[in-house]
Amino acid sequence: MRLVSDPVARPGDTVVFEWTARDTSQVHAWANVKSTGDAMWYHPMYGTSVAVPGEDGIWSGEFRLQFGNADWPAGTVTLSDFRLSDGKNSSYGFSLPAGTDWPSLEVTGTEFGLGPRIEVPELITAEPAPGQPLRFRFRAEDMQGINYFDGTLRGPGGFQASLGPAHPEARNVGGNLWEWESELSTDATSFPTGTYWISRLHVSEKRPYGDSSTLWAESPDASTLVFEVTDPAYTAPIPTISGTAQVGHTLTVEPGEWGPGEVALSYEWVRDRNASSAATGASFVPSYRTVADERLYVRVTGTWPDGTVRSRLSEGVAVAEGRHGEHKVTFTGTAAVENVLVPDAGPGWPENTYFDYVWIADGKRVAANASDELRLGYDLYGKTLILAVWASTPGYQRAFFASEPVTVGKGSIAPFESSFHNAEAVYGSPLRISAPDFDPAFTAKGYAWYRDGMAIAGATGLTYTPTAQDIGKKVTARGTFTHPAYNDVTVTYSGGPVYKALWNDPTTARITGTARVGSKLTATSGPWPAGTTLTYRWYADGKLIKNAAGKAHSGKTYTPVVADWGKTLLVRVTPSSATHHVDLVGSPNTKTVGPGLLTTKAPTISGTAKVGTKLTAKTTGWTSGTTKRYQWYRDGKEIRNATKSSYTPTRSDRSRRITVKVTASKVGYATASRTSSATAKVSR
């Protein structure tokens, strides 16, 4: 480890340290620069050196440090705390070989601690007075030329002015001593008499890494240059401000004694030294407070009879925040659940006052809407509510006010109407109601059902099934619901009148029995709702069958007559139900009506089977109106010309058995024949 640059360094020099290391790889180095003249001072050089590999595992590198900081202390500076990284994320502290010291160098050019030394400024103007320019001479040494300069001149009444130029044409007056001049113009009207001093000078030298130096003086006692400005012909004192410097309080200007003679004075209150203002009275009430470095001033301008004008600015005063008086904070609206409360800060606030409203229930903050209005939810029932207000007004202290506490009462929901779940009220279909979808949920307290406004006995549930008594009438319901945070609410459920139900079961009609003349037919139909009455109409070949009186046959049964022979029959059933809508149904056509069947029984023969004794055929239980034909038989053989209802046996019949066959006929009926039993053998 060694120093390879000049052992004596001044600001602007580059200091170079060189090091070597063995048995390592990919080396990075860190070190600190410390001073023997200041134990607390050090300069880190982190990661500023990357090694270069050499022969036999030797790596070398260097630290290059630009000495351009003005805060380097004079004296001996030493490199120390040297560390290496071998590329394996490890770091080691190294010690130099025995008898070897850490490299060091001497630092010069910083004898004055912060860079170039500024000498005491000189006022060139012999007798400074308002309206005359002020000329100053400045000097600084230990520099290589002047790069930048600025300064501040301060005086009575808060006066301050900048000194320049920023880049003066300085001249070297020997060695490293540089000199330049600055001139400040003054205005006779506004340049006050009194004590002036240089409050700040700043100089930087003309080098690539030029150092700088600054002198400060907050008061004349601390300044290197203090002088007086006089105005012997006119007395124009610096005015003062009396009163409490607080927003809302009255401030008054005290102009002092102006002279000689009568002097006309005017006033202007300003927030900084140069701002104009519309406040031109001898008194002023601030409506704002001054902030940061701001002050409130009053400018007094005096005009003499000869036209001379002098303007003087007072010392600035910091205006404190105002304080709000008592205000009654209230809110509009009734403190009950579901109501909306609107905050009201009341009258009498200064202009541009802004309010932060906070609603507090039982000591906890309650969220309001964007307009600070509070809708009282059911969770606030029974709680103590306060409106807290923070008032913010420009220039005033933030103030807190609170309303009188109130207890949140029960909410009220106006009775309202709802509808049943069903679209229509229909016989036999249950009507259903449910509690309203309130938030929070209410508990049902009771139900009642009404028929045309009259209570229905026993109907107190959630459902009710309309009966036949309800058809054509309006069924309504009323429910009462309750919640701890609300007064009971009544809901009326209504719909239209109760309608008959639709009979959806498939119904049919048919004719039972054989379609023939004289044979009874029966109409069957259904199924039908209970209590349905039926009306029948019979048709033959599509024409309504009427009775002898000319009225339609309306019975459930019908016996075809001769006029129906050869025709097809059907029946149409017209239902009537008090509870359901039912439709007419018709049967299919019967087969063609056939001839009727005559009622017959086997004839009997009365008389003795003896030659010469008359035998008579007897028929009983035969269809009335029947035409009968007779045929007598001898041992089963037809007897010629024996076709009457009686027959007298002859000798030819002796020892033979006699039978008779009766044939019945009638229009519209099929002919029927019956044969009697045989007699005993005919005797002599």
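**Stop 1: strand β17**

Start by selecting residues 177-184, which make up strand β17; 6 of its 8 residues are buried, so "mostly covered" is a fair label under the rule that buried means under 20% relative accessible area. Keep in mind as you go that this is a predicted model.

Now add the neighbours of β17. Show residues 134-141, strand β13: β13 and β17 run antiparallel and are joined by 7 bridges. To check the register, click on Arg 137 and look across to Glu 181, its bridge partner in β17. Then bring in residues 171-174, strand β16, which also pairs with β17 in the antiparallel sense, here over 3 bridges. For this pairing, pick Gly 174 and you will find Leu 177 of β17 opposite.

**Stop 2: aromatic rings around β13 and β17**

Stay here and turn on the side chains. Across the whole structure, a search finds 25 aromatic pairs. One of them is Phe 138 with Trp 180, a stacked pair with 6.1 Å between the centres and 25° between the planes. Why does this pair tie together parts that are apart in sequence? Phe 138 belongs to strand β13 and Trp 180 to strand β17, so the contact joins parts 42 residues apart in sequence. Are these two rings buried or exposed? Both Phe 138 and Trp 180 are buried.

You can widen the selection from there. Phe 138 and Trp 180 are members of one aromatic cluster, along with Phe 136, Phe 149, Phe 159, Phe 191, Tyr 196 and Phe 227. Colouring these residues alike lets you view the cluster as a group.

**Stop 3: a second ring pair, Phe 416 and Phe 438**

Next, select Phe 416 and Phe 438. This aromatic pair is edge-to-face, with centres 6.0 Å apart and planes at 80°. The two rings come from distant parts of the chain, 22 residues apart: Phe 416 is in strand β35 (residues 416-419), and Phe 438 is in the loop between β36 (431-432) and β37 (443-451). Their cover can be compared with the cut-offs. Phe 416 has a relative accessible area of 29%, so it counts as partly exposed, between the 20% and 50% limits. Phe 438 has 16%, which is under 20%, so it counts as buried.

**Stop 4: the five-stranded sheet**

Phe 416 has already brought you to β35, so follow that strand into its sheet. Here 5 strands form an open sheet in the order β35-β41-β40-β37-β38, and the pairing is mixed. Which strands stand at the edges? They are β35 and β38 (454-455): each has a single partner strand, so one side of each has no neighbour in the sheet.

Inside this sheet, look at β37 beside strand β40 (residues 475-483); 8 bridges join them in the antiparallel sense. Trp 449 is a handy marker, with Ala 477 of β40 as its bridge partner.

Before leaving, select Pro 430 in the loop between β35 and β36. Pro 430 is partly exposed, at 45% relative accessible area. Then add Pro 466: the two prolines are 36 residues apart in sequence, yet their C-alpha atoms are 6.8 Å apart in space.

**Stop 5: the three-stranded sheet**

Jump to the open sheet of 3 strands with the order β27-β28-β31, which is antiparallel. Its edge strands are β27 (330-332) and β31 (374-375), each pairing on one side only. Strand β28 (residues 340-344) runs antiparallel to β27, with 3 bridges between them. Select Phe 331 to see Pro 343 of β28 opposite.

**Stop 6: β45, β48 and β50**

Now show residues 533-540 (β45) and 569-576 (β48), an antiparallel pair with 8 bridges. Thr 535 has Thr 574 in β48 as its bridge partner. On to residues 585-586, strand β50, which runs antiparallel to β48 and is joined to it by 2 bridges; Val 573 is partnered there with Val 585.

In the same view, show the side chains of Arg 572 and Tyr 539. The charged end of Arg 572 sits over the Tyr 539 ring, 4.7 Å from the ring centre.

**Stop 7: a nonpolar surface patch**

Finish with the surface turned on. Select Val 562, Trp 565 and Val 667, a nonpolar patch with about 300 Å² of accessible area together. Val 667 sits in the loop between β57 (658-665) and β58 (669-670). With 64% relative accessibility, Val 667 counts as exposed.

Terms used. Residues numbered from 1 in each chain as written. Predicted model: local features only at pLDDT ≥ 70, side-chain atom pairs only at ≥ 80, totals over all residues. Heavy atoms only, no water. Patch = residues over 30% accessible without salt bridge, like charges linked within 9 Å, V, L, I, M, F, W, Y side chains within 5 Å. Areas by Shrake-Rupley, 256 points an atom, 1.4 Å probe, with all protein chains shown as cover. Salt bridge = Lys/Arg side-chain N within 4 Å of Asp/Glu carboxyl O. Helix = DSSP H or I, 4+ residues; strand = E, 2+ residues; numbered from the N terminus. Buried < 20%, exposed > 50% of the residue type's maximum accessible area, 1.4 Å probe, protein only. Pairing = 2+ DSSP bridges. Phe/Tyr/Trp six-rings, centres within 6.5 Å; stacked < 30°, edge-to-face > 60°. Lys NZ or Arg CZ within 6 Å of the ring centre and 35° of its normal.
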